Amino acid sequence: MRLFRALLGVSVLSVSLIACGSDDDAVDAPSTEAPTSEAPSTEAPSTEAPVAGVLNVPADYATIQEAVDAAAEGDLILIAPGTYKEAVQVTTDNIVIRGLDRNTVIMDGNFELDNGFRVVGASGVAIENMTAMNYTKNGFFWTGSSSYRGSYLTAWRNGDYGIYAFDSVGGLLEYSYAAGSPDAGFYIGQCFPCDSVIRNVIAEHNGLGYSGTNSGGNLVIVNSVFRNNRAGIVPNSGSYELCYPQRKTTIVGNLVYSNNQPDTPAIDVAILAMGNGILNAGGVQNIIERNRVWDHDKTGIGLVPFLEEDANDAIPGRDTWETDCATQKQQMPVIPDGPLLWDSQDNEVRGNVLENNRRADIAVGSAGSNLWELGNCFAGNTFTTSAPLDLEALAPCGSPLSETTGDWLAGDLNVITWLVDAETAPPSVDWKTATLPELPQLENMPDAATAPAVPANATPPTIDLAAIVVPDKID
Amino acid sequence: MTTPIRRATSALLVGSAFVVLATSCAPDPNDVRGAEHQHMSMPVDSAAVMGAPDRPIAGPQGAVGQFVVECPYSHALPDDPIVYPGEPGASHMHVFFGNVAVNADSRPEYLLGQDTTCEQRADTASYWAPALYHDDEMLIPEKSVAYYRAGLDVDPTRVVAFPFGLYMIAGDAMAVEPQPTSVVAWSCGSGAMRSETPPACPDKRGLRLDVTFPDCWDGEHLDVAGHREHMRYSTAGKCPSSHPVHVPQLIFSVAYSFSGDPTGLKLASGGVLTGHADFVNSWDQGKLEDEVRLCLHRDVVCGVTSGRVSG
């Protein structure tokens, strides 16, 4: 919980550090006291001579793009405080791109540029300690990467996602913040196994706090805060992109609250999902454990089907759930002639603490499938309400479910009515003008000027899940 | 932005020179369209001339490299700067996407630098399709989606950007029989079903007209009489020797909010079988070349579009 306090307790010191491009910037230029092997140790400031392996913007290169294009593997790009109206493309492996101050190194898309950073098929690229705002697509975007890392990033008011990883594996997103996106603040999609970690992040005032379409397999979301979005954490399945169904995501130790926010930008799915804390929409084999979830109009933790009307392939059977993404990409789709219904199956909901979730603290629903045949289980949660009623007795973990364990229809979630609710839900607000919390001043990366460049590692850190306890409330 | 413009202009001039060589009656060397009014006397069976993709291109995104541009509806005019240049009002009604300045008089060099409806602001190309009517009421489309990929089974590293100023038409505005769904099809939302005639779409997954453009260029002409002969579709991943240059395969989808019973729908060009679309490459050429290099050559999914709707 230390991070949360640090993030919440950040001072307003940084407000005074908006010296964009002033002469003072030079004194912020780093020395590389602990260089990478490519960067010989030196204490010479960048104003005298470029340091091998360290590319300073704007001292050595006028734009970030010029520095990125000049960088070789292992290099560190250091960006001085200022506002940069760039959409940077990255294609070089194993470089680190770092702002010297998270809150005053600002990428500004000015509502015209598409992505603050787009890492295209490059691996090992780490982006650290800066802010991206006002991009028509995404603040930070990795695609086709076999390792990536985003640390101490702030994404604020972007037109699609805040921090977005697609068709990429080996990821670590940490100590970051995303607000004001109509889709998700944080997104990892189309990967299996993903081998990725999201930890210590905050998502608020987005359509969805986290969305992961068709992602999973050693994908861990821990120790993070999802609040005041339309919906909080939403793993989901769909055939419009590959590697379905969504599988094997582990969601542990998060604070998820008040995701009923009516005035955010929102895609249609976010409006449909509104008022839910953790909503598993057609995902399978996920583990949702030891989260604290409160204050939602619908469910705290809900396992529901996802209806996909414009389908692109048939739903793969249970016997294919171990098939990796690369293999599935080679398979020809079978175009179905009707809509798909992605059931949530074989998910485990354990040990969460829930309160004041108005429809139900914990819930499982279907649109015709027999609930006892879906294999979802609930155990050890602290809760008051469930749908159906007495859910932990109906669907305990560790033993086969049966129609005869109780009355599966009493208190049915009746999830079909959500389609109707969406018709009268507060409509999306234009992402460009939606009211957001003020751009927060957030914790900086330690020693940004001097820390060595560490490119992203394909093996993200191992999270000691057993050591994580249900977090305390922070509000 | 100056470098791409300079590059684009020189590409245009080179292209114009080719056209001048090929069509000696061009009155103005900067008018790439000079000699092409013969279309009225020579309707073209587009499938017979240009071929068709090996199969309909549909299904989940994410398997091959692509870049995608969504462009909200811009305007409607009874103009066609490819088929009826300089003749405002001479065409059936078209709906335009992307470049906001397009009319019957538009030339690529004029369009460059004009505003665009596209989310990708560097996409100042012009895209248009015949207007769709329901019981004689014109339906205003929501947007278009342009998918740029290597053609089916084409080595993506061989693909080069469209030359600046290229004119293309795909589909047959005079068709009386169903066209191959690999070229012209109707669908619902972002679903993969492809139909020769408009299906009954569910609410909020509205009707789309999907037109797939040819992906092989003759390497010389930005346009020709009839507007077809300079382009071909690839077969089995290969372009014919007559049209050896692999260019991106543009799949252009016009999205309507219309759902339900398709009875009473017709296109401005005729019935629902006359689907077609037009493209003028007035992209910021440097940006287009960047997208081809970054997304297609590296075979990376640079963006996806889905059924998700920003409400």
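Reader: How many bridges join strand β31 (residues 360-364) of chain A to β33(A)?
Author: This is a predicted model. In it, I362(A) stands opposite S386(A), a residue of β33(A). β31(A) and β33(A) run parallel, and the bridges joining them number 2.

Reader: Which strands of chain A stand at the edges, each with a single partner strand?
Author: The sheet is open and holds 11 strands with parallel pairing. Its order in chain A is β4-β7-β9-β11-β14-β17-β20-β23-β26-β31-β33. A strand with a single partner has one side left without a neighbour in the sheet, so the edges belong to β4 (88-90) and β33 (386-387).

Reader: Which strands flank β14 in the order of the open sheet of chain A?
Author: Strand β11 (residues 161-166) of chain A pairs with β14(A) over 4 bridges, in the parallel sense. There, Y164(A) stands opposite Y187(A) of β14(A). Strand β17 (residues 208-213) of chain A pairs with β14(A) over 3 bridges, again parallel. In the order of the sheet, β14 therefore sits between β11 and β17.

Reader: How many of the 6 residues of strand β14 (residues 184-189) of chain A are buried?
Author: To count as buried, a residue needs 20 or more other C-beta atoms within 10 Å of its own. The strand is largely enclosed by the rest of the structure, because the residues of β14(A) that are buried number 6 of the 6.

Reader: Which residue in β17(A) stands opposite F186(A)?
Author: F186(A) is among the residues with the most contacts inside the largest nonpolar core. Beyond four places in sequence, F186(A) touches G162(A), I163(A), L173(A), A178(A), I198(A), V201(A), A203(A) and Y210(A). One of these contacts also stands opposite F186(A) in β17(A): Y210(A).

Reader: Which strand of chain A gives the most to the largest nonpolar core?
Author: The core has 210 residues. Those with the most contacts inside it are I77(A), F186(A), A273(A) and A146(B), so named from chain A and chain B. The top contributor gives 6 residues and spans residues 125-133 of chain A: strand β8.

Reader: Are the residues of strand β15 (residues 196-199) of chain A buried or exposed?
Author: S196(A) and I198(A) point one way from the strand. V197(A) and R199(A) point the other way. Both sets share one status: buried.

Reader: Which residue stands opposite V197(A) in β18(A)?
Author: β15(A) pairs in the parallel sense with strand β12 (residues 171-174) of chain A, over 3 bridges. In that pairing E174(A) stands opposite R199(A). β15(A) also pairs in the parallel sense with strand β18 (residues 219-222) of chain A, over 4 bridges. There, V197(A) stands opposite V220(A).

Reader: Over which residues of chain A is the pLDDT below 50?
Author: The mean pLDDT of chain A is 90, and 89% of its residues reach 70 or more. One stretch has a pLDDT below 50, yet has 88 contacts in the model beyond near neighbours in sequence. Where pLDDT is low, the predicted coordinates should not be read in detail. In chain A this caution covers residues 1-48.

Reader: How many residues of chain B take part in the contact with chain A?
Author: Chain A gives 34 residues to the contact. The side of chain B that touches chain A divides into 13 nonpolar, 11 polar and 6 charged residues. Chain B's share of the contact is 30 residues.

Reader: What percentage of the 311 residues of chain B count as buried?
Author: Chain B has 4 helices and 15 strands. Residues 24 or more positions apart account for 74% of its contacts with a separation of 6 or more. The buried share of chain B is 55%.

Reader: Is A47(B) buried, exposed or partly exposed?
Author: A47(B) lies in helix α2 (residues 46-50) of chain B. Beyond four places in sequence, A47(B) touches A52(B), D172(B), Q179(B), P180(B) and V183(B). The burial cut-off is 20 or more other C-beta atoms within 10 Å. A47(B) has 18, so it counts as partly exposed.

Reader: Which residue with positive phi follows α4(B)?
Author: Helix α4 covers residues 285-297 of chain B. Its buried residues include Q285(B), L288(B), E291(B) and V292(B). After α4(B), phi is positive, near 55°, at D299(B).

Conventions:
Residues are numbered from 1 along each chain as its sequence is written. Chains are lettered from A and ligands numbered from 1 in the order in which they are written. This is a predicted model: local features need pLDDT of at least 70, side-chain atom pairs count only at pLDDT 80 or more; totals for chains, interfaces and linings use all residues. Two residues are in contact if their C-beta atoms, placed from the backbone, lie within 7 Å. Ala, Val, Leu, Ile, Met, Phe, Trp, Tyr, Cys and Pro count as nonpolar, Asp, Glu, Lys and Arg as charged, and the others, Gly among them, as polar. A residue is buried if 20 or more other C-beta atoms lie within 10 Å of its own, exposed if 12 or fewer, and partly exposed in between; C-beta atoms are placed from the backbone. pLDDT is the predictor's confidence in each residue, from 0 to 100. Two strands pair if DSSP finds at least two bridges between them. A nonpolar core is a set of buried Ala, Val, Leu, Ile, Met, Phe, Trp, Tyr and Cys residues joined through C-beta atoms within 7 Å.
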